[in-house]
Amino acid sequence: MNKNVRIAASILSADFAYLGAAVEMAEAAGADAIHVDVMDGHFVPNLTVGPPMVAALRKVTHLPLDVHLMIEAPERYVEAFAQAGADVLTVHPEATPHLHRVVQQIHDLGVQAGVALNPATPESSLDYVASILDLVLVMTVNPGFGGQEFLPEMLPKIAAVRRILDAAGRGARLSVDGGINVATIPLVVAQGADHLVAGSAIFSAPEGVAAAVRALRGAVLVAYNTPAPSVVNGAGA
Ligand code: DX5
Ligand code: ZN
């Protein structure tokens with residue numbers, strides 16, 4: 001279990017009329033990164049933002065911008081997102097026939113590269129790229145919308161990806177995205193997740209952003225202090 005778990009605030013659940021303020025609040029609350037969900041209406045059934053929004057957010061925060069590209073053929077846009085100031089660009093293997101090439105392209109732009117796995121996509125999609133990645137994102141909901149319910153059947157996949165990244169030895173982060181809150185954090189951290197993306201748990205929290213981030217940190221501490229289960233659905237933890 002990584003004792004340096006990071007929390008990334010997903011602005012998808014923030015008020016889009018006040019995004020700059022939302023990002024500043026998340027930074028003041030102690031979030032470790034800002035997660036930006038880019039959707040094209042093809043790869044996922046929703047539309048969000050593009051490079052101009054990343055460039056605008058770059059001006060209001062020092063936090064890393066963790067940009068999750070839920071778009072077809074991401075190779076067309078990685079350069080624009082890099083120029084806009086993205087620190088991490090995460091692509092889906094289901095969205096490109098040239099996963100290795102797009103990871104190389106991202107690195108050539110001086111940006112960290114991540115790969116995101118949909119719920120039905122196996123961890124074997126990381127074969128032959130795991131050793132060059134900086135982050136793997138396990139989707140714990142089907143991508144496209146905030147506020148969905150966590151899929152517990154993803155826990156063995158998180159554990160499997162942890163083993164793959166440990167074997168690769170590059171120190172890549174293991175991100176989880178979807179339904180992350182105080183109840184699910186201990187489960188995913190026990191399986192080795194160390195980059196937790198949370199949207200509605202931060203920006204839709206009735207107690208406000210600062211208290212919400214504090215509560216998520218508290219849940220991470222609970223995970224540190226709870227003995228990990230030895231077996232989850234047959235996968236060693
Ligand atoms: C969903 C996005 C997530 C989303 C998570 O497709 O990738 O980043 O914002 O939202 P919550 O935390 O509300 O499940
Ligand atoms: Zn996301």
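Is H35 buried or exposed? H35 is buried, with a relative accessible area of 0%. Here, buried means under 20% relative accessible area, exposed means over 50%, and partly exposed is in between, with a 1.4 Å probe and protein chains only. Keep H35 in mind, for we will soon meet it again.

A word on how to read this model. The model is predicted, so local features need pLDDT of at least 70 and side-chain atom pairs count only at pLDDT 80 or more, while totals for chains, interfaces and linings use all residues. Residues are numbered from 1 along each chain as its sequence is written, chains are lettered from A and ligands numbered from 1 in the order in which they are written, and side-chain values use heavy atoms, with hydrogens and water left out.

Let's begin with the metal. The zinc ion (ligand 2) is coordinated by H35 through NE2, D37 through OD, H68 through ND1 and D177 through OD, at 2.0 to 2.3 Å. Donors are N, O and S atoms within 2.8 Å of the metal (3.2 Å for Na, K and Ca); water is not among the atoms, so sites may look incomplete. Along the chain, the donors of the zinc ion (ligand 2) have the spacing H-x1-D-x30-H-x108-D. H35 sits in strand β2 and D177 in strand β7 (residues 173–177), so this pair ties together parts that are 142 residues apart in sequence. Helices (H or I, at least four residues) and strands (E, at least two) are DSSP runs, numbered from the N terminus. Like H35, D177 counts as buried, at 8% relative accessibility.

What is the geometry of the site of the zinc ion (ligand 2)? The site is octahedral, with angles of 71 to 169 degrees among its six donor atoms. For that label, six donors must have opposite donors over 155 degrees apart and all others between 65 and 115.

Now turn to ligand 1. How many residues surround ligand 1? There are 20, and the closest are S10, D37, G144, D177 and S200. A residue is near a molecule if one of its heavy atoms lies within 4 Å of it. By class, this shell has eight nonpolar, 10 polar and two charged residues. Ala, Val, Leu, Ile, Met, Phe, Trp, Tyr, Cys and Pro count as nonpolar, Asp, Glu, Lys and Arg as charged, and the others, Gly among them, as polar. Strands β2 (33–39), β3 (65–70) and β8 (195–198) each supply at least two residues of the shell, and β2 gives the most, with three.

Two of the zinc donors, D37 and D177, also meet ligand 1. In the side chain of D37, an N or O atom is 2.8 Å from an oxygen atom of ligand 1. For D177, a polar side-chain atom lies 2.7 Å from an oxygen atom of ligand 1. The backbone joins in as well: a polar backbone atom of G179 is 2.8 Å from an oxygen atom of ligand 1. A polar contact is a pair of N or O atoms within 3.5 Å; within protein, one must be able to donate a hydrogen and the other to accept it, and residues adjacent in sequence count only if both atoms are side-chain atoms. On its own, ligand 1 has 380 Å² of accessible area, and the protein covers 100% of it. Such areas come from the Shrake-Rupley method with a 1.4 Å probe; for residues, only the protein chains shown count as cover.

Next, a look at some loops. T96 is in the loop between β4 (88–91) and α4 (99–108). T96 is buried, at 8% relative accessible area, and its side chain reaches the backbone nitrogen of H98 at 3.0 Å. Y128, in the loop between β5 (112–117) and β6 (135–139), is exposed, with a relative accessible area of 77%. The phi angle of Y128 is near 70 degrees, a positive value in a residue other than glycine. A73, in the loop between β3 and α3 (78–84), also has a positive phi, near 45 degrees.

Finally, try tracing F16, which is in the loop between β1 (6–10) and α1 (19–28). F16 counts as partly exposed, at 39% relative accessibility. From C-alpha to C-alpha, F16 and E123 are 34 Å apart in space, and 107 residues separate them in sequence.

Notes. Tetrahedral: all angles 85-135°; square planar, octahedral: opposite > 155°, others 65-115°.
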